[in-house]
Amino acid sequence: MQKPAELTTRSESPADNDVPPGFEDVEVNEAAAKLSSVQVSEAAPDAGDEPDTSLKTDSLVERDTEVKKVLADDTLYTSAKTFEELGLSPELLQGLYIEMKFERPSKIQAETLPLILTPPHRSLIAQAHNGSGKTTCFTLAMLSRVDPALHAPQALCVCPTRELVIQNAAVLERLGKYSGITMTSTAAADYATTRRARINEQIVVGTHGKLRDWMSKRVLSVAAMKVLVFDEADEMLKQEGFLDDSVRMMRQLQAANKDLQILLFSATFNERVKTFAQKAVKDANQVFVPKEDLSLDVIKQYRVYCPTSADKVKVLRDMIFPQCERLGQTIIFVRTRETARDVHRLMESEGHKCTSIQGGMDHTARDRVIREFRDGTTKILISTDVLSRGFDVTQVTLVINLDLPVEKDVRIPAFETYLHRIGRSGRFGRKGVAFNLVTGDTERRVIDEIEAYFKHPIPEVPYDNEEEFVNVLRRAGLTEQEA
DNA sequence: AAAAAAT
């Protein structure tokens with residue numbers, strides 16, 4: 001694993017000082033200087049090979065969490081080893097222990113919760129691995145900061161998809177079960193048409209479109225908002241995506257409350273989005289993970305060269321579907337809505353049971369597909385990138401990229417999307433395998449670039465050798481578990 | 001011919 005020497009090297013690497021142009025240089029440089037001084041003093045004992053556990057309260061010295069913290073001021077934060085240390089209410093502790101069955105904070109929770117919950121409640125830009133418990137972080141943050149006596153919306157969580165809204169609302173509901181705190185979501189109700197009164201619920205989860213509608217109709221008041229969370233924040237701040245809506249949302253809430261706490265959470269922040277986020281959210285604390293450390297080792301990744309796209313379907317038919325009863329659950333990602341529909345129809349016509357989901361379907365159909373997949377009725381789900389981020393089904397062990405993740409210009413790899421897609425498997429330390437089906441020179445280049453970007457090998461498996469396929473699945477430990 | 005998101 002990681003040698004102490006490498007830790008020291010990393011802590012002094014120039015990457016720590018890569019202040020984005022146009023950003024408030026002074027503050028960041030001060031913070032960076034503070035950061036490196038912390039690291040040097042903590043790295044020093046390693047040189048003598050003398051274990052000094054008393055100093056190792058910071059995750060910076062932990063081997064498997066190479067986080068880089070940049071603090072906005074001198075406030076002293078101690079990472080939390082227990083939930084009790086966080087000063088959470090007894091009701092929230094009950095939610096954690098009884099309802100969620102959590103015992104202690106995960107690493108990202110231990111690091112970020114003190115940053116979020118300690119006055120002056122600074123904003124936070126936080127990067128955390130897929131399945132490392134970041135939903136719990138921002139959910140706890142919202143629940144802790146709400147005033148239960150005030151019956152008005154005080155925390156808002158914005159998500160990129162309806163499915164994520166539903167999922168986050170469910171976590172919120174469970175964690176807040178004993179708190180008496182009220183909540184609603186854009187997927188649960190249509191206030192604009194069904195009721196004229198204002199939203200009284202204390203926490204609101206939603207997608208942009210409907211939130212904007214509610215706010216413009218004054219159904220959702222921003223007057224008492226204290227916390228604004230962006231889940232999948234890099235996606236929410238992407239130039240050609242939700243950027244405009246997200247910025248407008250921030251301005252609107254900040255206009256009502258200049259002390260608004262903004263929390264940006266994602267597993268990925270590329271340099272461009274990171275730079276923008278740092279400019280958009282002033283004086284934020286920051287927690288980042290280098291991209292090389294993000295490609296989770298628990299997920300075995302392979303490439304499968306297929307001569308034609310018909311051979312891709314052949315791989316599904318001959319290798320994947322016959323194994324699916326032994327495999328837990330599988331998500332097959334495709335690039336377009338049309339492909340999702342077509343592949344679904346084709347496989348069904350051949351007698352293979354599966355479902356598909358894409359943004360063109362109506363809400364009730366989407367909800368039904370998700371429900372059936374969650375309860376295990378369906379083993380194989382074909383999906384566009386609507387589910388690439390955040391979707392959490394523990395039983396998913398296999399991810400197939402039938403189309404590689406690419407940008408609008410299909411020659412350009414969508415690196416972040418790749419990481420999010422394969423992260424749908426291997427949830428919470430379970431096993432996971434990802435097969436990338438590759439046809440043609442463009443996709444060949446794309447998978448090579450993805451491999452190089454994350455510095456993580458993606459070895460080849462032949463497309464027409466069933467025995468080899470089964471071996472790969474067995475070696476990964478996927479076929480041991482009987483359905 | 002990209003997906004995602006309002007009416």
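**Helix 3 packing and the DNA strand B surface**

In this predicted model, the buried residues of helix 3 (buried meaning under 20% relative accessible area with a 1.4 Å probe, protein chains only) pack against helix 5 (134-145) and helix 6 (162-175), with contact taken as heavy atoms within 4.5 Å. Helices here are DSSP runs of H or I, at least four residues, numbered from the N terminus. Helix 3 itself covers residues 90-99, and its buried set is made up of Leu92, Leu93, Gly95, Leu96 and Glu99. Just past helix 3 sits Lys101, with a positive phi of about 60 degrees.

Turning to the DNA, 21 residues surround strand B, and Lys210, Arg337, Gly359, Arg366 and Lys408 come nearest. Of the strand B atoms that come within 4 Å of the protein, 58% belong to sugar and phosphate. By class, the surface near DNA strand B (a heavy atom within 4 Å) holds 10 charged residues, 8 polar and 3 nonpolar; Asp, Glu, Lys and Arg count as charged, Ala, Val, Leu, Ile, Met, Phe, Trp, Tyr, Cys and Pro as nonpolar, and the others, Gly among them, as polar.

As for individual atom pairs, an N or O atom in the Arg337 side chain lies 2.4 Å from a phosphate oxygen of DNA strand B, and one in the Thr384 side chain is 3.0 Å from a phosphate oxygen of that strand. Gly209 uses its backbone: an N or O atom there is 3.4 Å from a sugar or linking oxygen of DNA strand B. Helix 8 (208-216) and helix 13 (337-349) are the elements giving two or more residues to this surface, and helix 8 gives the most, with 3.

Residues are numbered from 1 along each chain as its sequence is written, and chains are lettered from A and ligands numbered from 1 in the order in which they are written. Because the model is predicted, local features need pLDDT of at least 70 and side-chain atom pairs count only at pLDDT 80 or more, while totals for chains, interfaces and linings use all residues; side-chain values use heavy atoms, leaving out hydrogens and water.

Terms used. Polar contact = N/O pair within 3.5 Å; in protein donor to acceptor, adjacent residues only side chain to side chain. Buried < 20%, exposed > 50% of the residue type's maximum accessible area, 1.4 Å probe, protein only.
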